[in-house]
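Dear colleague,

I am handing over the structure that you asked to look at. Please keep it open beside this message while you read.

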Amino acid sequence: MSRIDFKNICKRYAPGLPLTINNANISIGKGEFCVFVGPSGCGKSTLLRMVAGLEDITSGDLSIGGVRVNDLPPAKRGVAMVFQSYALYPHMTVAENMAFGLRVLGADKAAIEQKVKKAAEILQLTPLLDRLPKALSGGQRQRVAIGRAIVKEPDVFLFDEPLSNLDAALRVQTRLEIAKLHHDIGTASMIYVTHDQVEAMTLADKIVLLRSGQGVQDHGSVAQFGSPMDLYHRPENLFVAEFIGSPKMNILPGRLVRAEADHAVVEVHGAQITVAVDARRAKAGDKISLGIRPEHLLAGDAGAGSPLHAKVRQMERLGDSSMLYLDIAPDAPMVTLRLEGYAGHSAGERITLRVRPEHGYLFDAAGLAFQRTVQLPT
Ligand code: ADP
Ligand code: MG
């Protein structure tokens with residue numbers, strides 16, 4: 001049971017290359033489940049491998065349980081890692097695969113057997129202990145790989161995209177098993193890497209969203225560190241706002257008309273929209289971006305403020321909901337509207353759109369969010 005602290009952590013793979021991790025400051029509490037998420041290539045695995053001791057740390061301090069581990073070899077860090085590719089030994093049974101790491105360390109035979117038995121029970125692998133990996137499904141193999149980590153009784157579990165090789169249904173099932181595992185062995189901290197925002201939102205106590213591409217130099221590579229509800233309801237910047245949520249948030253460029261402590265009025269494509277944010281650091285005339293999630297746009301004439309006028313470009317019906325893709329102006333980005341159930345709209349139809357003040361997000365010209373002033377879930 002250990003907390004993990006990243007202090008000003010930087011990683012440069014070679015002189016002359018840009019920083020892959022730029023000044024990461026993260027604290028993961030004892031027993032917490034922390035997810036590193038972000039687009040492919042943003043540095044998730046790099047950050048995780050630095051915790052495992054598989055990758056040098058260019059600068060900064062990494063500590064586990066209050067002890068600086070930058071120079072500590074992997075075996076001395078109290079961590080166990082589960083990879084995307086299960087890498088089981090094909091000629092060893094499930095039990096032998098799970099026991100192997102402990103046998104190499106010269107652990108007592110009876111103790112090993114006990115640990116394997118307990119891990120197999122947690123993972124429901126008991127009936128499969130004598131099988132070879134080739135006689136297991138993908139999900140079962142991944143559970144054996146997790147079992148191999150459990151028997152080490154680590155302080156910290158490290159997972160690098162452990163579900164990516166599984167099909168969709170199995171991913172959900174194994175995701176639930178990992179959540180249960182965290183609950184059952186609540187003393188261990190977990191760091192879990194994924195590119196899937198649903199996995200991040202459902203598993204995490206805390207999320208580290210890493211950004212990719214341009215701007216890394218200016219802003220650092222951690223776009224936001226917080227709880228899932230922080231990232232959804234209180235994104236600190238446009239990158240987070242657009243990454244979390246599916247379909248992604250609509251972003252409309254406009255200008256500020258009024259900037260008050262508890263609300264702002266913005267003009268967006270001829271509509272005047274009130275947003276519940278603290279806008280005091282801006283002034284009328286400033287360029288802003290208005291953010292509205294597809295699930296929060298309201299279609300129809302009822303409601304306050306002046307509406308946006310839109311034309312339906314395309315429709316998708318998913319059964320439980322319908323997606324409308326809308327044009328609001330020739331030069332405006334396409335707007336997505338999500339409606340519950342069956343939507344009786346058709347392409348070419350004109351509709352009006354409104355936004356409730358508590359549903360709007362506002363960002364300045366640099367992409368930094370204004371603080372929302374309504375009560376939001378934590
Ligand atoms: P992710 O896991 O988020 O997809 P990675 O941490 O694997 O991303 O990689 C982050 C960036 O670092 C990528 O641009 C990748 O090309 C680069 N990178 C990864 N490993 C090395 C390496 N050994 N040498 C140089 N660059 C690397
Ligand atoms: Mg990776």
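Below I describe the ligand site, then the sheets, and then the nonpolar cores.

Please bear in mind that this is a predicted model, in which local features need pLDDT of at least 70 and side-chain atom pairs count only at pLDDT 80 or more, while totals for chains, interfaces and linings use all residues. Residues are numbered from 1 along each chain as its sequence is written, chains are lettered from A and ligands numbered from 1 in the order in which they are written, and side-chain values use heavy atoms, leaving out hydrogens and water.

Around ligand 1 (a heavy atom within 4 Å of it) there are residues including Tyr 13, Thr 20, Pro 39 and Lys 44. Three polar contacts (pairs of N or O atoms within 3.5 Å) can be described for oxygen atoms of this ligand: a backbone N or O atom of Gly 41 lies at 2.7 Å, a polar backbone atom of Cys 42 at 3.2 Å, and an N or O atom in the side chain of Ser 45 at 2.8 Å. Taken alone, ligand 1 exposes 570 Å² (Shrake-Rupley method, 1.4 Å probe), and the protein buries 55% of that.

Turning to the strands (DSSP runs of E, at least two residues), an open sheet of four has the order β2-β1-β4-β5 with antiparallel pairing, where pairing requires at least two DSSP bridges between two strands. Because β2 (21-28) and β5 (67-68) stand at the edges with a single partner strand each, one side of each is left without a neighbour in the sheet. Strand β1 (residues 4-11) is joined to β2 by five bridges, and Ile 9 stands opposite Ala 24 in β2.

Elsewhere, strand β9 (residues 206-210) pairs with β10 in the antiparallel sense over four bridges, and Leu 209 has Gln 224 in β10 as its bridge partner. Four of the five residues of β10 (residues 222-226) are buried (under 20% relative accessible area), so this strand is largely enclosed by the rest of the structure.

Finally, the largest nonpolar core (buried Ala, Val, Leu, Ile, Met, Phe, Trp, Tyr and Cys residues joined through side-chain atoms within 4.5 Å) has 53 residues, and those with the most contacts inside it include Leu 209 and Phe 159. Helix α4 (residues 138-150; a DSSP run of H or I, at least four residues) gives the largest share of this core, five residues. A second, separate core of 32 residues includes Ala 271 and Ile 328.

With best wishes

Note on methods: Buried < 20%, exposed > 50% of the residue type's maximum accessible area, 1.4 Å probe, protein only. Polar contact = N/O pair within 3.5 Å; in protein donor to acceptor, adjacent residues only side chain to side chain.
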